[in-house]
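Please load the model in the viewer and keep the sequence panel open beside it. The tour proceeds by selections, each followed by a description of what is found there.

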Amino acid sequence: QVQLVESGGGLAQPGGSLRLSCAASGSISSTNTMGWYRQAPGKQRELVAAITSNNSTNYSTSVKGRFTISRDKSKNTVYLQMNSLKPDDTAVYYCNTAFIRLFRREEYWGQGIQVTVSS
C-alpha cells in the first residue's frame, strides 16, 4: 500500500507564492511518476504538473512559467513551487503517483489540500 500526504497549502494573495509538498510512503516503485492535479468547484480534476523518475517534467499551459515541480528521491517527496499565483489557481490540489508493478499499473492519490488565492 502507498500513502501520499500533502502539506503547504493555504491562503495566498494574487501574485504571491506557495510551496506544496507531498511525502510518499509504502511500497513504491523507483520508476514512479509523481504529479499534482487540482480541482476547482464545479470543474473536473486537471493535471497541473508531473515529473518522471528521470526528472522529465510536464506542465499544463495555464501554469507553465509560474509553477515548478521537483522531487527528492531520497525522501520520496515531490514539491510544487507556485509563483505569481492567480485567483484562478484556487482549487484543491491532489498529489498523485503512478507506476507499473508486475505488469499492472498502480495509481495512488493524496487526500487533497486547499489552495486559495484571494486578496
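How do the residues of the lining of the largest pocket divide into nonpolar, polar and charged? The model is a predicted one, and the pocket is the place to begin. Select Arg38, Gln39, Ala40, Lys43, Gln44, Arg45, Glu46, Pro87, Asp88, Thr90 and Ala91, which line the largest pocket. Three of these lining residues are nonpolar, three are polar and five are charged. The space in this pocket amounts to about 160 Å³. Rolling a probe the size of a water molecule over the atoms shows where empty space is left.

**The salt bridges**

Keep Arg38 and Glu46 from the pocket lining selected. Their side chains meet in a salt bridge, with an N to O distance of 2.8 Å. Is each partner buried or exposed, in part or in full? Arg38 counts as buried because its relative accessibility is 6%, under the 20% cut-off. Glu46 has a relative accessible area of 35% and is therefore partly exposed. Now add Arg66 and Asp89 to the selection: together with Arg38 and Glu46, these residues are linked in a network of salt bridges.

A search of the whole structure finds five salt bridges. Side chains of opposite charge can pair when their charged atoms come close. For another of these pairs, select Arg101 and Glu106, whose closest N and O atoms are 2.7 Å apart. Here Arg101 is partly exposed at 24% relative accessible area, whereas Glu106, at 18%, counts as buried.

Next, select Glu107 and Arg105, whose side chains meet in a salt bridge at 3.4 Å, N to O. Arg105 counts as exposed because its relative accessibility is 55%, over the 50% cut-off. Glu107 is partly exposed, at 34%. Glu107 lies in strand 10, residues 104-109. With Glu107 still selected, add Asn32: the two are 75 residues apart in sequence, and their C-alpha atoms are 9.5 Å apart in space.

**The open sheet**

Switch to a cartoon representation. In what order do the four strands of the open sheet lie? The order is 1-3-8-7, and the pairing is antiparallel. Strand 1 (2-7) and strand 7 (67-72) are the edge strands, each pairing on one side only. Neighbouring strands of this sheet are turned by 15° against each other on average, direction ignored.

Select strand 1 together with strand 3 (residues 18-26): six bridges join these antiparallel strands. To inspect one residue of this pairing, display Ser7, whose bridge partner in strand 3 is Ser21.

**Two backbone angles**

Most residues other than glycine have a negative phi, and most peptide bonds are trans. Which value does phi take at Ser84? Phi of Ser84 is positive, about 50°, although this residue is not a glycine. Ser84 is located in the loop between strand 8 (77-82) and strand 9 (91-101), and is partly exposed with a relative accessible area of 41%.

Finally, centre the view on Phe103, in the loop between strand 9 and strand 10. Phe103 is a residue other than glycine with a positive phi, near 70°. Its relative accessible area is 83%, so Phe103 is exposed.

Key:
Residues numbered from 1 in each chain as written. Predicted model: local features only at pLDDT ≥ 70, side-chain atom pairs only at ≥ 80, totals over all residues. Heavy atoms only, no water. Pairing = 2+ DSSP bridges. Helix = DSSP H or I, 4+ residues; strand = E, 2+ residues; numbered from the N terminus. Axes fitted to C-alpha atoms, helices over the stretch in contact; angles between N-to-C directions. 1 Å grid on protein atoms, 1.4 Å probe; cavity = no way out; pocket = protein on both sides within 12 Å on 5 of 7 lines; lining within 4 Å. Points joined across faces, edges and corners; volume = space filled by probe spheres on them. Nonpolar A, V, L, I, M, F, W, Y, C, P; charged D, E, K, R; others polar. Salt bridge = Lys/Arg side-chain N within 4 Å of Asp/Glu carboxyl O. Buried < 20%, exposed > 50% of the residue type's maximum accessible area, 1.4 Å probe, protein only.
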